[in-house]
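Subject: Structure handover

Hello,

Here is the structure we talked about. Please look through it first, then read the notes below it.

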Amino acid sequence: MRRPRMATSARAALWVIFGLFFLFPLYAMADFSTRNLLADGRTLAAWRNLVTDDALYQAIVISLLLAVFTVVAMLVLLVPTMIWVRLRAPWAKGIVAFLCLLPLTIPALVIVVGLRNVYLWVTYFFGESALTLTFVYVVLVLPFAYRSIDAALSAIDLQTLSEAARSLGAGWATTITRVVVPNIWSGILSAAFISIAVVLGEYTIASLSGYETLQVQIVLIGKSDGPTSVAASLATLVFGFVLLLILAVVTRGRAREEQ
């Protein structure tokens with residue numbers, strides 16, 4: 001009886017230490033962002049600036065649109081490719097894995113310099129909008145998305161599912177969207193949420209490319225308005241935490257349903 005109690009106490013202590021380690025910096029950010037630096041007391045002026053400050057508001061909209069476009073483009077590119085490779089070209093699995101994981105080994109500065117000439121054509125066809133960063137961000141999130149989707153595909157009998165669907169007259173589009181995707185939904189959600197977190201937190205590529213995304217604007221605002229900069233950073237962290245929490249809840253719910 002003592003060992004289970006000791007294990008429970010140790011687990012509770014670890015959770016408390018874990019909570020303090022991660023929550024105390026968030027509390028400090030919330031405290032600073034609501035502190036009135038000119039007089040005593042509290043103020044929500046910094047948080048109101050997230051909506052009333054035009055430059056910051058536009059940066060938030062741009063970053064959210066980038067996150068949405070990046071997730072859509074990543075899923076359209078990666079999911080059918082990985083399914084096709086597993087079913088029709090197993091020999092190419094290692095090549096696809098290598099290409100998807102390669103961005104982890106390349107610094108952001110090298111990516112920007114390497115894509116400079118390519119982006120001359122991108123800006124020629126699509127204009128100089130910050131939304132063109134979608135092409136770079138898709139490459140940037142590939143390693144994280146690949147691992148999530150690959151784990152989900154490895155957990156199902158893809159060959160049997162696809163052959164059963166095809167034998168019943170389903171086309172490839174129907175097989176992917178109505179048979180395979182529902183069975184790897186947790187992996188797709190994981191890839192999408194992690195990609196959103198990466199896009200919202202990315203600074204180097206956007207800054208070097210001269211686009212004012214959320215993180216770039218946070219740095220600029222921090223030079224003149226510290227509380228607003230900290231409030232925007234805290235809002236981004238909380239948003240990412242909420243996404244990961246939703247992912248954990250959805251994944252656990254689907255696991256219970258399968259049991």
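Of the 259 residues of the chain, 35% count as buried. Please keep in mind that this is a predicted model.

Overall layout

The chain has 13 helices and zero strands, so its pattern along the sequence is helix after helix, by DSSP runs. The C-alpha trace spans about 75 × 70 × 30 Å along its principal axes. About 15900 Å² of the chain is exposed, and carbon and sulfur atoms supply 68% of that area. Take the contacts between residues at least 6 apart in sequence: 74% of them join residues at least 24 apart. Distance in sequence and distance in space can both be read from one pair: Thr174 and Asp225 are 51 residues apart in sequence, and their C-alpha atoms are 52 Å apart in space. Thr174 is in helix α9 and counts as partly exposed, because its relative accessibility is 34%.

Two helices with a buried side

Helix α4 covers residues 93-101, and its buried residues are Val96, Ala97 and Cys100. These residues cover an arc of only 100 degrees around the axis, so they are on the same side of α4. Gly94, Phe98 and Leu99 are exposed on the other side of α4. What do the buried residues of α4 pack against? They pack against α3 and α7.

Helix α8 (residues 158-167) can be read in the same manner. Leu158, Ser162 and Ala165 are buried in α8. Their arc around the axis is only 65 degrees, which puts them on the same side of α8. The cover over the buried residues of α8 includes α3, α7 (134-154) and α9 (172-183). After α8 comes Gly169, which has a positive phi, near 95 degrees.

Salt bridges

Side chains of opposite charge can pair when their charged atoms come close. The count here comes to three salt bridges.

Asp31, Arg35 and Arg42 are linked in a network of salt bridges. In the bridge between Arg35 and Asp31, the closest N and O atoms are 2.3 Å apart. Asp31 also meets Arg42 in a salt bridge, at 2.4 Å from N to O. That pair links distant parts of the chain: Asp31 is in helix α1 and Arg42 is in the loop between α1 and α2 (45-52), eleven residues apart.

Are these residues buried or exposed? Asp31 is buried, because its relative accessible area is 15% and the cut-off for buried is under 20%. Arg35, at 37% relative accessibility, counts as partly exposed. Arg42 has a relative accessible area of 54% and is therefore exposed.

The bridge outside that group is between Arg86 and Asp150, with the closest N and O atoms 2.7 Å apart. This pair also links distant parts of the chain, since Arg86 is in helix α3 and Asp150 in helix α7, 64 residues apart. Arg86 is partly exposed, with a relative accessible area of 23%, while Asp150 counts as buried at 13% relative accessibility.

An aromatic pair

How many aromatic pairs does a search of the whole structure find? It finds one. The ring centres of Phe24 and Tyr27 are 6.4 Å apart and the planes are at 40 degrees, so the pair is tilted. A pair of aromatic rings is described by the distance of the centres and the angle of the planes. Phe24 and Tyr27 both lie in helix α1 (residues 2-33), three residues apart, which is about one turn of the helix. Phe24 is exposed, with a relative accessible area of 57%, and Tyr27 is exposed as well, at 54%.

A nonpolar patch

The surface carries a nonpolar patch formed by Val51, Tyr57, Val61, Leu65, Val68, Phe69, Val72 and Val76, with about 680 Å² of accessible area together. Which helix gives the most to the nonpolar patch? Helix α3 (residues 54-88) does, with seven residues. Val72 is one of the patch residues and lies in helix α3. With a relative accessibility of 46%, Val72 counts as partly exposed.

Regards

Conventions:
Residues are numbered from 1 along each chain as its sequence is written. This is a predicted model: local features need pLDDT of at least 70, side-chain atom pairs count only at pLDDT 80 or more; totals for chains, interfaces and linings use all residues. Side-chain values use heavy atoms; hydrogens and water are left out. Patches are made of residues with over 30% relative accessible area and no salt bridge: like charges are joined within 9 Å, nonpolar side chains (Val, Leu, Ile, Met, Phe, Trp, Tyr) within 5 Å. Accessible areas come from the Shrake-Rupley method with a 1.4 Å probe; for residues, only the protein chains shown count as cover. A salt bridge is a side-chain nitrogen of Lys or Arg within 4 Å of a carboxyl oxygen of Asp or Glu. Helices (H or I, at least four residues) and strands (E, at least two) are DSSP runs, numbered from the N terminus. Buried means under 20% relative accessible area, exposed over 50%, partly exposed in between (1.4 Å probe, protein chains only). The arc is that of the directions from the helix axis to the C-beta atoms. Contact means heavy atoms within 4.5 Å. Rings of Phe, Tyr and Trp (its six-membered ring) pair if their centres lie within 6.5 Å; planes under 30 degrees apart count as stacked, over 60 as edge-to-face and the rest as tilted.
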